[in-house]
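This report describes a protein model in formal terms for a first-year student. Please examine the sequence and the structure shown here before reading on.

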2 protein chains.
Amino acid sequence: MSKSLPAVITTLERAGGFASAQEVFQLMRKQGKPTGLATVYRALQKAATDNTVDVIRKDDGEALYRLCATGHHHHLVCTSCGKTVEVEGSAVEKWANSVAKNNGFKKVSHVVELFGLCQKC
Amino acid sequence: MSKSLPAVITTLERAGGFASAQEVFQLMRKQGKPTGLATVYRALQKAATDNTVDVIRKDDGEALYRLCATGHHHHLVCTSCGKTVEVEGSAVEKWANSVAKNNGFKKVSHVVELFGLCQKC
DNA sequence: AATGATATTGATAATCATTATCATTTTATG
DNA sequence: CATAAAATGATAATGATTATCAATATCATT
């Protein structure tokens, strides 16, 4: 499951920021590398589990992907204007892992989002 | 748009932690207060914009709601059987507050959920 | 009470991202 | 070359969420 992955990653790179699977699909088509929708999804999923892309969710639930140059991090979002700051979270990771261990859980993932009001708002 | 809202909130309260709109809908039915699905969605949306409930997204994108004011703890949820463990999170709170401070944010709230596989699964 | 204006509800259909299916094509390997 | 295994992509299925719209409840005013 990897002939398409590089092309998908390249497209995501060109997209610049966050892009949905559907957008990547359209972009690849326009760039002369038409690829099946299912394949785009598969590639993005793999990239997500490999931690080569970040995944966040729009308000309507659609997944957005972005190349993840900086490793795992979280977001601090202004509830008024939507401004988003990336936040490093190694402390949270450690905490999550120890909690999981103490309760006999494996393959732990976590969701951490911070909300608040930014200076301007 | 408010006759149903109290009943929805009460149901969410009884649910204990996070619950999806679909779950709330089923619960209300079982508790003898059958309510239209659309109405449940409307009530939860309003509660979300009023900040009386928190919203997070499961890995598959489904929205989960929880009363905001309930004492602060987090959940470790088994993605297979649904078993849920309540988790204390003062470490996370401190981290969240300092992150917010460093970025000039105020009135910070946070959403932290852990997912994994429990021992049995 | 009766009227009418307005808001709420809920059954149902429509939307749309995501996943599953599966036949076909490609790649790897002996 | 031949055969097995993996990858692809067209298409259908799934499922949460949203839109529609007629029916019902609410409420102020007469």
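In strand β6 of chain B, Phe115(B) is the bridge partner of Val77(B). This pair belongs to a set of four bridges that join strand β4 (residues 74-78) of chain B to β6(B), and the two strands run parallel. Helices (H or I, at least four residues) and strands (E, at least two) are DSSP runs, numbered from the N terminus; two strands pair if DSSP finds at least two bridges between them.

The model is predicted: local features need pLDDT of at least 70, side-chain atom pairs count only at pLDDT 80 or more, and totals for chains, interfaces and linings use all residues. Residues are numbered from 1 along each chain as its sequence is written, chains are lettered from A and ligands numbered from 1 in the order in which they are written, and side-chain values use heavy atoms, with hydrogens and water left out.

**Chain A**

Chain A contains four helices and six strands. Read from the N terminus, its elements follow the order α-β-α-α-β-β-β-β-α-β. Along the principal axes, the C-alpha atoms of chain A fill a box of roughly 45 × 45 × 25 Å.

An open sheet of three strands in chain A has the order β1-β3-β2, with antiparallel pairing. Its edge strands are β1 (19-20) and β2 of chain A, each of which pairs on one side only. Helix α1 (residues 5-15) of chain A packs on this sheet and touches β1, β2 and β3 of chain A. The direction of the helix makes about 90° with that of β3(A); such axes are lines fitted to C-alpha atoms, for helices over the stretch in contact, and angles run from 0 to 180 degrees between N-to-C directions.

Within the sheet, β2 (residues 53-57) and β3 (residues 63-67) of chain A pair in the antiparallel sense over five bridges. In β3(A), Ala63(A) is the bridge partner of Arg57(A), and Tyr65(A) is that of Val55(A). The hairpin of β2(A) and β3(A) has five residues between the strands, and Gly61(A) takes a positive phi near 95° there.

**Chain B**

Chain B also holds an open sheet of three strands, in the order β1-β3-β2 with antiparallel pairing. The strands β1 (19-20) and β2 (53-57) of chain B are its edges, each pairing on one side only. Five bridges join β2(B) to β3 (residues 63-67) of chain B in the antiparallel sense, and Val53(B) stands opposite Leu67(B) in β3(B).

**The interface**

How many residues of each chain are in contact with the other chain? The count is 37 residues of chain A with 37 residues of chain B, where contact means heavy atoms within 4.5 Å. Together the two chains bury about 2800 Å², 68% of it on carbon and sulfur atoms. Buried area is the accessible area (1.4 Å probe) that two parts lose on being put together, summed over both. Of the area that chain A buries against chain B, Trp95(A), Phe105(A) and Val111(A) supply 25%, more than any other three residues.

The elements β4 (73-78), β5 (84-88), α4 (90-102) and β6 (106-117) of chain A each supply at least two residues of the side that touches chain B. The most comes from β6(A), with 12 residues. By class, this side of chain A has 19 nonpolar, nine polar and nine charged residues.

The rule finds zero salt bridges across the interface, a salt bridge being a side-chain nitrogen of Lys or Arg within 4 Å of a carboxyl oxygen of Asp or Glu.

Strand pairing also crosses between the chains: nine bridges join β6(A) to β6 (residues 106-117) of chain B, and these strands run antiparallel. Two residue pairs from this pairing are listed below.

| Residue in chain A | Residue opposite or bridge partner in β6(B) |
|---|---|
| Lys106(A) | Leu117(B) |
| Glu113(A) | Val111(B) |

Definitions and conventions. Nonpolar A, V, L, I, M, F, W, Y, C, P; charged D, E, K, R; others polar.
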